[in-house]
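Me: I have this model open at the bench and would like a close look at one part of it. Could you walk me through the open sheet and the loop residue that sits at one of its turns, then show me how the rest of the chain fits around that?

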Amino acid sequence: QLQASGGGSVQAGGSLRLSCTASGGTFRTYNVGWFRQAPGQEREFVASFTSSGNIKTYADSVRDRFTTSRAIAENTVYLEMNSLMPEDTAVYYCAVGRVVLSKSSADYYYWGQGTQVTVSS
């Protein structure tokens, strides 16, 4: 089970750090993905990294602003979001799957419940 947290409301240019904690499992054996979904829009890929944690990929829209990482000892993954913009407003989800660095939500089969991020201008 995945538990996401850390969302909130910030002004443009601000930062937030999202956390995703796994219970009953470990991130060591899964590829991890972050997705987001804005109202009325499809779920969108944000970032992912391999089960080894060594290789990461980001959506063009967030590259150089967002960083994903993990803390094995805490069984937690993070999404550090900087220079936030109003268009980053969405519900953010973490997920795990077996396909390496997939950008498709269909390749992830365990999902957290989502955490709301709201960025005001």
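Reply: Here is a walk through that sheet, followed by the other strands and the chain as a whole. Keep in mind that this is a predicted model.

Let's start with the sheet itself. It is open and built from 4 strands, in the order β1-β3-β8-β7, with antiparallel pairing. The edges are taken by β1 (residues 2-5) and β7 (residues 66-71); each has a single partner strand, so one side of each is left without a neighbour in the sheet. On average, neighbouring strands here are turned by 15° against each other, if you ignore direction.

Now go to the β1 edge. β1 pairs with β3 (residues 16-22) in the antiparallel sense, over 4 bridges. If you want a landmark there, find Gln3, which stands opposite Thr21 in β3.

At the other edge, β7 and β8 run antiparallel and are joined by 6 bridges. The landmark on this side is Thr67, with Glu80 of β8 standing opposite. These two strands form a hairpin with 4 residues between them, and in that hairpin Asn75 takes a positive phi near 50°.

Asn75 is the loop residue to zoom in on. You'll find Asn75 in the loop between β7 and β8 (residues 76-81). Is Asn75 buried or exposed? Its relative accessibility is 16%, and the cut-off for buried is under 20%, so Asn75 counts as buried. A polar atom of the Asn75 side chain lies 2.9 Å from the backbone oxygen of Ala22. Leaving out neighbours within four places in sequence, Asn75 is in contact with Cys20, Thr21, Ala22, Gly25, Thr26 and Phe27. Thr21 in that list is the residue that stands opposite Gln3, so to speak a familiar face.

Next, step over to β4 (residues 31-37). This strand is mostly covered, with 6 of its 7 residues buried. β4 runs antiparallel to β9 (residues 90-97), and 7 bridges join the two; Asn31 stands opposite Gly97 there. β4 also runs antiparallel to β5, this time with 5 bridges, and Phe35 stands opposite Phe45 of β5. The hairpin of β4 and β5 has 6 residues between the strands, and Gly40 takes a positive phi near 75° in it.

Follow β5 (residues 44-49) onward and you reach Thr50, in the loop between β5 and β6 (residues 56-58). Thr50 is buried, at a relative accessible area of 7%. Its side chain makes a polar contact with the side chain of Ser52, at 3.0 Å. Setting aside residues up to four places away in sequence, Thr50 touches Tyr30, Asn31, Ile55, Arg70, Val100 and Leu101.

Finally, zoom out. The chain has 11 strands and 0 helices. Of its 121 residues, 45% count as buried. Among contacts between residues at least 6 apart in sequence, 56% join residues at least 24 apart. A compact globule with 121 residues would have a radius of gyration near 14 Å, and the chain's 13 Å agrees with that. Along the principal axes, the C-alpha atoms fill a box of roughly 40 × 25 × 25 Å. The chain exposes about 6000 Å², of which carbon and sulfur atoms supply 46%.

Definitions and conventions
Residues numbered from 1 in each chain as written. Predicted model: local features only at pLDDT ≥ 70, side-chain atom pairs only at ≥ 80, totals over all residues. Heavy atoms only, no water. Pairing = 2+ DSSP bridges. Axes fitted to C-alpha atoms, helices over the stretch in contact; angles between N-to-C directions. Buried < 20%, exposed > 50% of the residue type's maximum accessible area, 1.4 Å probe, protein only. Polar contact = N/O pair within 3.5 Å; in protein donor to acceptor, adjacent residues only side chain to side chain. Contact = heavy atoms within 4.5 Å. Rg over C-alpha atoms; globule rule 2.2 N^0.38 Å. Areas by Shrake-Rupley, 256 points an atom, 1.4 Å probe, with all protein chains shown as cover.
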